[in-house]
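Visitor: I would like a close look at a single part of this structure. Please take one buried region and stay with it, then show me what lies around it.

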Amino acid sequence: MAATFWGRGCFLRSCRWDPPRLSPELPKAAARGTPSHPGPVPRCRGAWPGGGRHYRAARCAELKQPLAIEEVAPRPVGPREVRVDVHFCGVNFADILVCRGQYQERPQLPFTPGMEFSGTVLETGTDVSTVKKGDRVIGVSGLNGMAEECITDQKTLWKIPEKVPLREAAVLPVSYGTAIMALEHRARTQPGETVLVTAAAGATGLAVIDVATNILQAKVIAAAGSDDKCQLAMQRGAQSSVNYSQGSLKEAVKKLVGSGGVNVVIDTVGGDIFLDALSSLAWEGRIVVVGFAGGTIASVPANLLLLKNISAMGVYWGRYQDRNFPVFSRSLSSALQYCQEGRTQPYVGKVFKLEEVNDAFLHVIQRKSTGKVLISLK
């Protein structure tokens, strides 16, 4: 998609109440706001009876068009729901894909993007037992995070430990959850092994470096598309780096580790970078596919899997929320614990205001971002 789909700045508008509408493809559970199908955000000017003040939200009313900032009236919380005063919301490439209509899940228009956030609990439903008013939390709601308030199921929230600031906490869910899931649960990375991570200066890439180096005691080769990004990856803990815009990733890795290869690859790029990384694996190496930021999905040459007894696997971190919630929850609990103990250091690359949400999207689309890009709601 051309960057021109995202203009600078945002529109500010108020709007009428529309009854919640469900896409024919979504189950009826979507109306309740389940983790996999968060409930719709009302587009309204008048509040529900007894409701509070209006709040601002970034709204996608038309795919591949700039988001608009709208004033939204609050709705009542359900029995198992929590109203959160959002402080920071992460900007992920998946948010951009959702707003293009190119993501695996396609919410009904209009919607508020934002799948991860940090904030404080404002109100809880009658059956909520996991959090209380005033608690600081991170949330993984799928949608609705790019707003001053967010209503979400209690199962999508985790308490933030005392020593973790809200700003750094907002970095943890998607980036560190994915890194922990890829390195620990899928690749079973062992101390002393060598990990090659692509797009190493991105939010997930830096999280992989942090977890692999400081938690798993692995050696990390950081691969990125510029010297500045390679330098940042080295500053954040990688033992060596490769600028794959200057030549073959496969040959560069071979010069670093010899013909033996690397033990683990965490790839978020796809295409030729994925193929070079796959060819760089050692005997019984493991490659974990996390995404396709380069825009091309490569075909796996099965003969390489056979000849080196290689394992190729994927991580769709968000899907674990529905399919294996204990594993999903453990990845977030670990991310919070590592940060609380000072063993990891989440990196915030840039913070935008809510009215600058389209600039934030452009920053990511144009590959200018390093680390986690956040939207500040305060």
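Guide: Start with I375, in what is a predicted model. Setting aside neighbours within four places in sequence, I375 is in contact with H87, F88, C89 and V91. Its other contacts of this kind are F352, K353, L354, V357 and A360. I375 also belongs to the largest nonpolar core, which has 89 residues. Together with V195, I209 and I266, I375 touches the most other members of that core. Helix α3, residues 172-186, gives the most to this core, with eight residues. There is also a second, separate core of 18 residues, and L196, A223, V269 and I310 are among them.

Next comes helix α5, which spans residues 227-235. Its buried residues are C230, L232 and A233. Viewed down the axis of α5, these buried residues fall within an arc of 160°, so they line one face of the helix. The face of α5 turned away from the buried side carries D228 and Q235, which are exposed. The cover over the buried residues of α5 includes helix α4 (203-214), together with β10 (219-224) and β11 (240-243). After α5 comes G237, and the phi of G237 is positive, near 130°.

The aromatic rings come last. A pair of aromatic rings is described by the distance of the centres and the angle of the planes. In this model the count of aromatic pairs comes to four. One aromatic cluster is formed by W158, W317, F325 and F328. The ring of F325 also has the charged end of K155 sitting over it, 4.4 Å from the ring's centre.

Methods
Residues are numbered from 1 along each chain as its sequence is written. This is a predicted model: local features need pLDDT of at least 70, side-chain atom pairs count only at pLDDT 80 or more; totals for chains, interfaces and linings use all residues. Side-chain values use heavy atoms; hydrogens and water are left out. A nonpolar core is a set of buried Ala, Val, Leu, Ile, Met, Phe, Trp, Tyr and Cys residues joined through side-chain atoms within 4.5 Å. Buried means under 20% relative accessible area, exposed over 50%, partly exposed in between (1.4 Å probe, protein chains only). Helices (H or I, at least four residues) and strands (E, at least two) are DSSP runs, numbered from the N terminus. Contact means heavy atoms within 4.5 Å. The arc is that of the directions from the helix axis to the C-beta atoms. Rings of Phe, Tyr and Trp (its six-membered ring) pair if their centres lie within 6.5 Å; planes under 30 degrees apart count as stacked, over 60 as edge-to-face and the rest as tilted. A charge sits over a ring if NZ of Lys or CZ of Arg is within 6 Å of the ring centre and within 35 degrees of the ring normal.
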